[in-house]
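Biologist: Could you put the model up so that we can talk it through? I would like to go over the chains and how they meet.

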Amino acid sequence: MRGYEQTADDKQRAAEAAADEAARLGADGVIVTTDAGGNSHTDVMLTVRASERAGMRATVIVAEMADPDSTNPGLTDWVAEADSIVSAGNAEELVPAWVPERVLGGETLLDGTPARAAGPVPVRNYLGATNQMGQLALTATTW
Amino acid sequence: VKAVHYLNQFFAGLGGEEAAETPPTRLDGAVGPGRGLAAALDAIEILATLACGDDYFAEHEEEAVDRLVALVEVEDPDLVVAGPAFGSGRYGYACARFARAVSERLGIAALAAMHEENPGVAAADGKILIVPTAVNVAGMRDALPRMAQLAGAVAAGRELGSPDEEGYLPRGFRRNQIAEKTGAKRAIDLLLDKLAGDTRSEVAAGFDRVPPPAPVADLSTALLALVTEAGCVPQGNPDRLPTIRAQGWFRYPIGSEDSLLTGRYESVHGGFDVTLANEDPNRLVPLDTVRSLEQAGRIGAVHDTFYTTTGNGTPVAASTRFGREIAEELRDAGVQAVLLSGT
């Protein structure tokens with residue numbers, strides 16, 4: 001599921017089509033994944049709901065987008081049927097600054113900043129770190 | 001290290017319910033449970049005890065907090081400790097409000113102790129550390145050393161470990177860690193368990209649903225503002241609004257223009273195909289339509305500035321901040337209605 005569907009109707013239709021396909025295969029359960037965030041959370045949630053209403057049980061793998069210093073929901077949409085969610089980690093958590101030994105591709109950024117002068121960056125900038133296909137062991141817990 | 005301790009009238013020895021109207025009061029040194037706490041503290045001295053009656057606090061909340069914070073300021077401690085309040089709702093709430101105010105207004109580290117279901121936990125909203133205790137005073141002997149231990153960790157200024165390691169209630173922050181199994185294996189486990197009737201989740205249920213506001217009483221006299229998350233900016237994106245994960249928002253004047261002219265505005269939103277939107281930017285920010293409604297007398301007036309951001313890949317906390325900031329400006333400008341175009 002990815003949030004490429006532009007309208008609410010299309011999102012609903014895509015969710016029901018996915019659930020229909022799983023039901024046709026005779027599935028008792030489905031695992032819903034996505035490769036994006038934000039908008040895609042709506043596609044995921046609608047697919048969970050459609051799957052549950054079609055008589056299957058649904059589990060989700062999703063990366064959270066929770067501000068590390070706020071008590072805020074890390075998903076931009078949620079339905080009551082989404083009661084079985086695997087967290088692929090919090091993509092907004094900041095990785096502390098570190099200085100690389102060696103910089104490839106030039107010593108200075110276009111705006112004049114030294115390429116080596118890195119600050120803290122969110123986990124999402126580490127491509128694939130919050131893998132939503134479940135390939136990695138990263139998760140998030142409540143502190 | 002210097003500390004100030006907060007207690008209610010009962011634990012401060014001022015009396016029971018008959019003393020519940022006691023206003024904020026300062027007592028020298030450690031009092032009541034504070035003596036046990038002082039004995040458990042390592043290299044932390046309790047300079048003073050502040051006490052307030054539970055009824056007084058409930059009935060004069062803002063004033064009580066102000067006075068208590070002022071009393072803390074005089075003592076200039078490094079640390080403030082409140083409770084333990086156990087399951088007492090009024091006392092726990094007062095502990096949380098007081099400790100949170102000290103932390104937020106004075107920047108002084110503050111912690112409280114109470115039962116995990118005490119309403120004070122919600123009032124703290126993750127802003128202070130709370131040591132979990134038993135539901136009643138029988139848990140005093142257990143609570144004090146654990147409060148002292150966490151106070152020591154806070155006073156040392158070191159970065160705290162997880163709630164389990166340090167002995168405080170989870171505040172609601174989502175922190176990464178490496179699980180024993182991959183996400184895929186955990187998903188299979190969760191799904192099989194759910195099929196067997198044991199439903200579990202790594203992400204707590206719940207979501208921030210925003211209730212719709214009341215209808216605008218009379219649009220024909222209302223000042224209406226246009227706000228969008230469609231990434232609509234002047235052509236060329238002079239302020240470099242990001243295409244995704246915006247860190248803020250911009251405002252642009254529309255003056256007395258009748259519509260957003262093609263070629264003068266564009267969308268930089270990275271979450272949808274902007275071709276049609278760029279052919280007619282009014283489909284992002286419907287100035288043409290609201291102008292015609294204004295001319296027909298159905299809208300009082302259109303605000304002379306529109307507000308814009310890109311609303312994709314934005315955490316809820318950031319979106320909430322954008323909304324609050326924009327709403328404050330609009331309210332100050334006397335705007336009574338907002339047309340928010342989403343994508």
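Modeller: A word on terms before we start: a contact here means heavy atoms within 4.5 Å. With that in hand, among the contacts in chain B between residues at least 6 apart in sequence, 72% join residues at least 24 apart. Please keep in mind that this is a predicted model.

Biologist: And what is the corresponding percentage for chain A, at 24 or more positions apart?

Modeller: For chain A, residues 24 or more positions apart account for 72% of the contacts with a separation of 6 or more.

Biologist: How many helices and strands are there in chain B?

Modeller: Chain B has 11 helices and 13 strands. Its radius of gyration is 27 Å, well over the 20 Å that the globule rule gives for 343 residues, so chain B is more spread out than a compact globule. The C-alpha trace of chain B spans about 75 × 55 × 40 Å along its principal axes, and 47% of the 343 residues count as buried.

Biologist: In what order do the elements of chain A run?

Modeller: Chain A has two helices and six strands, and from the N terminus on they follow the order α-β-α-β-β-β-β-β. The radius of gyration of chain A is 19 Å, where a compact globule of 143 residues would have one near 15 Å. Its C-alpha trace spans about 55 × 35 × 25 Å along the principal axes.

Biologist: Now the interface: how many residues does each chain bring to the contact?

Modeller: Chain A gives 47 residues to the contact and chain B gives 48. The area buried between chain A and chain B is about 4,300 Å², with carbon and sulfur atoms giving 57% of it.

Biologist: Which three residues supply more than any others of the area that chain A buries against chain B?

Modeller: Those are A:Thr71, A:Trp78 and A:Trp143, which supply 20% of the area that chain A buries against chain B, more than any other three residues.

Biologist: Different topic: is B:His303 buried or exposed?

Modeller: B:His303 counts as buried, because its relative accessibility is 9% and the cut-off for buried is under 20%. The residue sits in strand E12 of chain B, which covers residues 301-308.

Biologist: Which residues does B:His303 touch, not counting those up to four places away in sequence?

Modeller: On that count, B:His303 touches B:Leu223, B:Leu224, B:Ala225, B:Ile254, B:Leu330, B:Ala333 and B:Val335.

Methods:
Residues are numbered from 1 along each chain as its sequence is written. Chains are lettered from A and ligands numbered from 1 in the order in which they are written. This is a predicted model: local features need pLDDT of at least 70, side-chain atom pairs count only at pLDDT 80 or more; totals for chains, interfaces and linings use all residues. Side-chain values use heavy atoms; hydrogens and water are left out. Helices (H or I, at least four residues) and strands (E, at least two) are DSSP runs, numbered from the N terminus. The radius of gyration is taken over C-alpha atoms; the globule rule is 2.2 Å times the number of residues to the power 0.38. Buried means under 20% relative accessible area, exposed over 50%, partly exposed in between (1.4 Å probe, protein chains only). Buried area is the accessible area (1.4 Å probe) that two parts lose on being put together, summed over both.
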